[in-house]
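Colleague: Before I use this model, I would like to go through some of the labels attached to it and hear the reasoning behind each one. Could you show me the structure and take my questions in turn?

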Amino acid sequence: MITTDTPLQKQGRIIVENIIEKPETIVPRPNLQDYDETYRTFEWTSAYDRVEWNDCGRLNAAESAVDRHARSSRKHKVALYWQGADRNEKYTFLELSHLSNRFANVLTELGIEKRDRVFIFLPRIPELYVSFLGILKTGAVAGTMFSAFGPEGLYDRLHDSGARYLITNSALKGRVYEIRDNLPDLERIIVVDETDVAEDEVSYPEAMKKASETFDVAEMLPDDPAFMLYTSGTTGKPKGVVHRHLAIVQQHLTTEWVLDLHDDDIYWCTADPGWVTGVSYGILGPFSCGASVVVHDGRFDPDVWYSIIEQYRVTVWYSAPTAFRMLMRAGDVYKNHDLRSLRHICSVGEPLNAEIVHWGMRAFKLPIHDNFWQTETGGILIANYPSMPIKPGWMGKSIPGITAAIVDDDGNEVSPGVEGNLALKPDFPSLMLEIWKNPAKYQEYFMGGWYLTGDRAVQHEDGYFLFVGRADDVINTSGERVGPFEVESALIEHPAIVEAGVIGKPDPLRGEIIKAFVVLSDGYEASDDLESDVRRFVKTRLAGHAYPREFEVVETLPKTRSGKIVRRMLRAKELGLPVGDVSTLE
Ligand code: PRX
C-alpha cells in the first residue's frame, strides 16, 4: 500500500519566523494510496495549473518558483536560509522576488535578449540564487558551473554555449581571465563582491543598487529554454543539456510526492546548483512548493552538517550516497546533535547500498529513500515514496506520468527479473529540450520510441527497479558524473604523458574513483612526485573533483584497430574479470 501521508510527517517542527500569515487551502495531493490507479489515470496536463500558467498558456519557471508566493500569504515566509562560513542570512519570498527582479533589470539594462546564455560561476551564496532566478525572468537561459571548475572546464562550457554574460566573484574570476581571450561571445563579467571594477566588468552591488525592484517577467512558452547544464558522456567534451520552462511542472510535483515537502518543512538539499540536483531540487522544485530552503556554503564536515540540521531544525534532507557513507564513517558524531527535527530523508546520484539504509535507521531512526534520475531528465523518474515499503538496495517505482521499462539492445521490453537498458517513454515535461548545438547527440538517446538512460537495470515483478551499472564508460565518482575522455585529454596535455586510458574503479566510499593508466613520454620515470604533479595539473585545468586518485604506468594501452582505447579491457584487467570479445582489437 502506498500513501503519501506518513505519521512521520507530524514530527516536522515550525520555526517561529516561518509561520504563514494565512495558510492557503492545501491543494490535495494525488491519491497514491492506490499506486496502480493513480499511475493509470495521471496526466501531466492536469497539473499545469499548479505552477501558474497564464491565460495564454505561458509561464515563467522563476515566477512559478518564487513570485507567486511573494504575491500570496507566503510573502513574508523565509524562502532561503543561508549559512556561510562566518555569517548567515535569510530571505523571504518577497525579498527574493524583489532581488531577482532587480537582477533581471540589471541584465535588461545591459541589453539581454531572450535565449541569450548567461552563466553563473559562484559558490553557494545568495547571489547565485538571485541571479539564477533573475536570468530566467528575462527569458534568457541560465547556465550554472560548479565552483571547483578550472579554466579548461570553464572554457568548454562558456565557449560551447556562447555565453554573453558571466556572473562570478573576485576569488574565482582569475580562472575566467586565463581563458577570457578565447571567448569572443563573452561581453561582460558581472562581479558580485566588487565595486571598483574593470571596464568590461559590471559591479553587481552597484548595479543592483540602481535597479528597480519591479520587473515585467518574460512570459515564456512551455518549450522555451530556461536553464542548461553541461554533463559528461563517454566521448567528446561535456554536452550542454538544455531544459525548458515546462520542466517546473515535474519538479514541483516530484518535490511534493517524493521529497514530501509541506508548508511547515525546512528543507536542506546538499547538492550544488552547478549540478542538476542543486537546480531542480535546490531551487525550482522546493521554492515552487513554497518551502523554506536551507543552503550551506561550505565544505563537507560531519560535525558542521549535523549542526546545520540541528540549528535550522531541518525536516527534509536530500543528499547523496557518498555523503551518507562519509557520515557513516564519521561514527558516533551524530550522537552529539539533536536531529529529531528530521522526518524524511532522500538520496540520489549513485547506488544507495542497503548498508547505508540500515545505518540511517540506526542513526536517524528513519529510512533513507532512494530515487533515480539524470541531468537529461531534469526531474525525478523512479522513487521510493515517503511511505512505500523500502526494499534496501532498490531505487523504487516509476512516478505517475513516467513509463519506465527495461529493454534489450533492440528496444524490446524484457521480462521482469531480466537485466537490460533502463528506458523511458519520452513524454514527460522535464525531459531535456535539446543538446545545445548538437542535434545528432540528442538523437542518440532515442531508440524505437524509448529514451535510453545509458544505465543497466532490472525490474522486479512488483515494479521496483534495481540499478546494475552504466552501459557505457561514464564514471560516477561521489555521485558526480565524469567523462573518461575529458580526463584523458587533460592527462595527455601533461608533458610526461603520451597516452592515457581512464576508468571508474569501484570504491567503498566514493562509489567509484577515477583510475588512470598512462604511457609515459621518453625520459620520464614513474615516481610519487610525478604522480602528484600530474594530479595537480588535472585538478587545476579540468576541475577540483575530477582527477585520478590512482595511476598505473603501462607500456601500451589496449586499442581497437582504428586506434580507440578499449576501456573495458582496462577495467577487466583491474577487476580480474574476463576481457570478453577481443576480435576487433589491435
Ligand atoms: O548512472 C545513473 C546515476 O547517475 C546518473 C545520472 O547522473 P547525473 O546526470 O549527474 O545526475 C545525478 C543526479 C540526478 C544516472 O545515469 N544515478 C542517479 N541516481 C541513481 C543513480 N545510480 C544508482 N542509483 C540511483 N538512485
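Modeller: What follows is a set of questions about the labels given to residues and helices in this model, which is a predicted one.

Colleague: Why is Trp-394 called buried?

Modeller: Buried means under 20% relative accessible area, and Trp-394 has a value of 17%, so the residue is classed as buried. Trp-394 sits in the loop between strand 15 (382-383) and strand 16 (397-398), and, leaving out residues up to four places away in sequence, Trp-394 touches Asp-370, Asn-384, Val-458, His-460, Tyr-464, Phe-465 and Leu-466. With Phe-465 the C-alpha to C-alpha distance is 5.8 Å, although the two residues are 71 apart in sequence.

Colleague: What makes helix 4 roughly perpendicular to helix 9?

Modeller: Helix 4 (residues 126-138) and helix 9 (residues 276-288) pack at an angle of about 85 degrees, and their axes are 11 Å apart. Angles of 65 to 115 degrees count as roughly perpendicular, and therefore the term applies to helix 4 and helix 9. The residues of this contact divide into seven nonpolar, one polar and no charged. From helix 4 come Tyr-129, Phe-132, Leu-133 and Leu-136, which meet Val-279, Gly-282, Ile-283 and Leu-284 of helix 9.

Colleague: How do you know that Asp-272 counts as buried, and which side chain does a polar contact join to that of Asp-272?

Modeller: The relative accessibility of Asp-272 is 5%, and the limit for buried is under 20%, so Asp-272 meets the criterion. Asp-272 is located in the loop between strand 10 (266-269) and helix 9. The side chain of Asp-272 is joined to that of Arg-124 by a polar contact of 2.8 Å, a value that can be set against the limit of within 3.5 Å for such a pair of N or O atoms. Apart from neighbours within four places in sequence, Asp-272 is in contact with Arg-124, Phe-146 and Gly-278.

Colleague: Why is no bond assigned between Cys-269 and Cys-346?

Modeller: A disulfide requires a pair of cysteine sulfur atoms within 2.5 Å, whereas the sulfur of Cys-269 is 10 Å from the closest cysteine sulfur, that of Cys-346, and this is too far for a bond. Cys-346 is likewise in no disulfide, since the nearest cysteine sulfur, in Cys-269, is 10 Å away. By this rule the count of disulfides is zero. As for burial, Cys-269 has a relative accessible area of 7% and is buried, and Cys-346, with 0%, is buried too.

Colleague: What makes Arg-115 and Arg-313 partly exposed?

Modeller: The class partly exposed lies between the limits of 20% and 50%. Arg-115 has a relative accessible area of 46%, so it belongs in that class, and Arg-313, at 34%, therefore belongs there as well. Arg-115 is placed in the loop between helix 3 (93-110) and strand 3 (117-121), and its phi is near 75 degrees, a positive value in a residue other than glycine. Arg-313 is in the loop between helix 10 (302-312) and strand 12 (316-319), and Arg-313 has a positive phi of about 50 degrees although it is not a glycine.

Colleague: Which residues of helix 16 are buried, and what covers them?

Modeller: In helix 16 (residues 567-575), the buried residues are Arg-567, Met-569, Leu-570 and Ala-572. Their cover includes helix 14 (484-492), strand 25 (497-507) and strand 26 (511-520). Just after helix 16, Gly-576 takes a positive phi of about 65 degrees.

Technical notes:
Residues numbered from 1 in each chain as written. Predicted model: local features only at pLDDT ≥ 70, side-chain atom pairs only at ≥ 80, totals over all residues. Heavy atoms only, no water. Helix = DSSP H or I, 4+ residues; strand = E, 2+ residues; numbered from the N terminus. Buried < 20%, exposed > 50% of the residue type's maximum accessible area, 1.4 Å probe, protein only. Contact = heavy atoms within 4.5 Å. Axes fitted to C-alpha atoms, helices over the stretch in contact; angles between N-to-C directions. Parallel < 35°, antiparallel > 145°, perpendicular 65-115°, else oblique. Nonpolar A, V, L, I, M, F, W, Y, C, P; charged D, E, K, R; others polar. Polar contact = N/O pair within 3.5 Å; in protein donor to acceptor, adjacent residues only side chain to side chain.
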